[in-house]
Amino acid sequence: MSKYLELPPGVTEENFDKAIKAFKKALGDENVYISSEDIAPYTKVMIPTKKEEMMPSAALVPRTVEEIQKVVEICNQYKVPIWTFSTGKNLGYGSTMPAKAGTALMDLRRMNKIIEVNADLGYALLEPGVTYQDLYDYLQENNIPLWMSCPAPSAIASPVGNTMDRGVGYTPYGEHFLFQCGMEVVLADGQVLRTGMGGIEKSNSWQVFKWGYGPYLDGIFTQSNFGICTKMGIWLMPAPPAYKPFCLSFPDETDIADIVETLRPLRIANIIPNAFTIASTSYEAASVAKRSDYHTGKGYITEEELKRLRKDKNMGAWNVYAALYGDEKSIEHNWNIIKAVFANNKKVQFFTEKELGNDPIFQYRAKLMKGEPNLQEFSLYNWKGGGGSMWFAPVSPAEGKHTLNQKKLATDILHKYGFDYVGEFIVGWRDMHHIVDVLYDRNDPEEMARAKECYSELVSEFAKAGYGVYRTNSGSMDEVGETYGPVIRDVFHKLKKALDPNNILAPGKSGIDLAKYDFDAK
């Protein structure tokens, strides 16, 4: 019987013994984990893929770029694949578990330095183990008048990790990759690449000018397995003199199309400068209600039960959250514009901090829209219970018709498998992210299998309707990758072959895996 939970694919136990010995020499015995007890914290997942199909062979915890270079050298020598993560708090997207069983984990949490914060130019240079809470506390403790942008929930997540997965936030700087500037990346051959202006010796512009000279490379390292990001520059927003979060509440499910059509011009014109959120009743209900008070037994919560919940808790069918930033005069001017565009809508209710300052949902949203990290969104996991969650995240144009189409399509598929629709729309400048949490009981094998089948149908049916998923969990990367067609997958694999011919960096990430790809078939 092997001493390891799983062996890397194609690696003998004898060779893995040698690799582990080399890893321990490079990192220290205490930073190489192989026992089930040490690896157990990494195996806690919420997605419906069986743990055996994703079980890692070891976990490595480096602290420096030089140690990572030694790790990739050893991985190349013994053909050991590694799955890298920043803090591993990507709950609902697979957490720390790899796409391929036997892959060793590389945990970058010890690389947690805030290298620089420039208050005048508004940027930070961070290592991947820095959390949003770390950065927020640093700004507060040093009285630096800058705001960061964070996802939800965020306190324990990494700005570097979230940006590498092209996550989003809720301030005007909420498109996180757009506001990233400069990366340091360890390549599979051990070279250290600094993108953009970082190639200039003693560069003074690495975090202020994104492009550098020649082809722009930063994007190929996001959602990919072409390199390991060890430093990243992010831009921070100057704290505005005034800030006005607000909520618009609408009573009917069909109101959502009018919401998007009315507010989109204001978003594109930057009158509403942040991505606004349109949250459904079920997405917010866990903060104020118990599902069991409205629905018992198996199956999904019905529309009649949701209507009763709305009435009891004075909730809308859709609640819009957005904010205004600037001085008092400009905020008041833009607030009047927002009220004016709904002048003929007698159903909308307008709320600000004056009316909802003590409401827990409004407080949570108001904090997010000023870049204050919190964990409130974890309350979603109390809605159904059972520890099962996976995020389904299709994208569409910011047009009202797509909200109705997507809401119906998602609800029909979820209800077919007995699951609630728990979703919200995040409206960017011209795009719209539909964020759906598929909640299920992971302790029930039959329900877990249903959840996996449900997710696959969501992916395939949305793709048929022209909607692509912008990120997914580590157990579903192949099927999402296939929806984007053969040409882009071919390009991805050609890049992979050029940069990582031994396929050691995160095989399977975004469906990119040299071991499974047939170049001759192209």
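**A cavity and a helix**

Reader: Which residues lie nearest the centre of the second largest cavity?

Author: This is a predicted model, where local features need pLDDT of at least 70 and side-chain atom pairs 80 or more, while totals for chains, interfaces and linings use all residues. Residues are numbered from 1 along each chain as its sequence is written, and side-chain values use heavy atoms, without hydrogens or water. A cavity is a set of points on a 1 Å grid over the protein atoms alone where a 1.4 Å probe fits but cannot get out, and lining residues have an atom within 4 Å of a point. Of the 13 lining residues, those nearest the centre are Ser 149, Tyr 173, His 176, Ile 234 and Trp 235.

Reader: How do the lining residues of that cavity divide into nonpolar, polar and charged?

Author: Count Ala, Val, Leu, Ile, Met, Phe, Trp, Tyr, Cys and Pro as nonpolar, Asp, Glu, Lys and Arg as charged, and the others, Gly among them, as polar. For the second largest cavity that gives 10 nonpolar, 3 polar and no charged.

Reader: Where do the buried residues of α9 sit, on one face or spread around?

Author: Helices are DSSP runs of H or I, at least four residues, numbered from the N terminus. In α9, Ile 331, Asn 334, Trp 335 and Ile 338 are buried (under 20% relative accessible area, 1.4 Å probe, protein chains only). Seen down the axis, they fall within an arc of 110 degrees (directions from the axis to the C-beta atoms), so they line one face of the helix.

Reader: Which exposed residues does the other face of α9 carry?

Author: Exposed means over 50% relative accessible area. Turned away from the buried side of α9 are Lys 329 and His 333.

Technical notes: 1 Å grid on protein atoms, 1.4 Å probe; cavity = no way out; pocket = protein on both sides within 12 Å on 5 of 7 lines; lining within 4 Å. Helix = DSSP H or I, 4+ residues; strand = E, 2+ residues; numbered from the N terminus.
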